[in-house]
Amino acid sequence: MSSARKRKLEDCDQSSRSPSPSVSSLQNTSVVNSPSMFDERALEREIESNAVQVPKKEISKILNLVKKANLTFSEEGVTGVALVRDLSGYPDHKIILLSSLIQSTDIDKFPEETIKKELISVGAKIVPYKFKIDISNLSADVIMRKLLPSNIEIISSFETIGHIAHLNLRDEHQPHKYLIGQVILKKNPTISTVVSKTSNIENEFRVLPMELIAGEPDYFVSLSENKCTFEFNFEEVFWNSRLEHEHSLLVSSFSECDVICDMFAGVGPFAIPAARNKMCRVYANDLNPKSFEYLNHNISLNKVEKLVSSFSMPEILSNYWSLKFMRKRISGKANYHKKKATSSKKNHII
């Protein structure tokens, strides 16, 4: 984690910087922080293809024609291959890599008549060409398919929380979890920490049981959602990035001057956008001391202190106390909304 982000969160939480036991136990192994658990050279291979040799001044025109005809080089799972390349010994020419459909170097056998005429008119010719691809050209799916046993399903998606990738691995993946983590790390430049859920969420505060399987043990994240910034320690609070659409949908249903009671506020994914984007008056409650801590931090971070009041009250969770809390807190007497309140104002418990 960058020193800037550490300093920014220092006042929010000093004690939480020590990793959990599950993470600490991994710090003594080399697999988590090793550059790679697999031989990347084993993924290198040479491809034999045909290419069209074209004078430099004609390269743009010919490239556009070949692309429109879908006759440039392509292979499933292979990306980032430079289609236009210099040709050794021919400083005034370049080559364009061609599709495997172009089997012959005889330009008269080129399948597209219009392109063939252009190639002949500019003095182009078809030549055999060899080039190498490596791990940088392969998708994560292709790499895992090559490295994992054929009977194991590859991991094609994961949740992203800032710089953290969260994977839900099955039992069959467990013997290969560190390798999977390294592939995710290698192929996603914005990811620096990869974690895997170790069991179902059954604790009181719905904090994810997890272990580090690749990268740095850095769980402090800063992310943007619904035009708001949230900062928290993913190891200590509940957060699900896949709920972003649900958060947005609910907040969009609010109107200015509505009063919200968020009884399970977490770090503020409903409460803070409701205040910042809809100018709602929000009363946010969460029992997790760490969630409450980061909720207050995010309220300040998003400058909605005048609109959001935070609580950590167990009694709010019973029906009787919820109603009493609502009558007391959202009776329309909040100073900020006193002048703005109209008959259309609504109260919400979420």
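In the predicted model, Val 84 stands opposite Ile 96, a residue of β3. The strands concerned are β2 (84–86) and β3 (residues 93–97), which pair in the antiparallel sense over three bridges.

This pairing belongs to an open sheet of four strands, in which the order is β2-β3-β1-β4 and the pairing is antiparallel. The edge positions are taken by β2 and by β4 (125–133), each of which pairs on one side only. From one strand to the next, the twist averages 40 degrees. Strands of a sheet pair through backbone hydrogen bonds, in either a parallel or an antiparallel arrangement.

Helix α3, formed by residues 59–68, lies across three strands of the model, namely β1 (45–55), β2 and β3. Relative to β3, helix α3 runs at about 10 degrees. The strand β3 thus appears both in the pairing with β2 and among the strands that α3 lies across.

A further site is centred on Leu 148, in the loop that connects α5 (140–147) and β5 (159–161). The relative accessible area of Leu 148 is 5%; because this value is under 20%, the residue is classed as buried. When residues up to four places away in sequence are not counted, Leu 148 touches His 176, Leu 179 and Ile 180. The C-alpha atom of Leu 148 is separated by 9.2 Å from that of His 173, and these two residues are 25 residues apart along the chain.

Note on methods
Residues numbered from 1 in each chain as written. Predicted model: local features only at pLDDT ≥ 70, side-chain atom pairs only at ≥ 80, totals over all residues. Heavy atoms only, no water. Pairing = 2+ DSSP bridges. Helix = DSSP H or I, 4+ residues; strand = E, 2+ residues; numbered from the N terminus. Axes fitted to C-alpha atoms, helices over the stretch in contact; angles between N-to-C directions. Contact = heavy atoms within 4.5 Å. Buried < 20%, exposed > 50% of the residue type's maximum accessible area, 1.4 Å probe, protein only.
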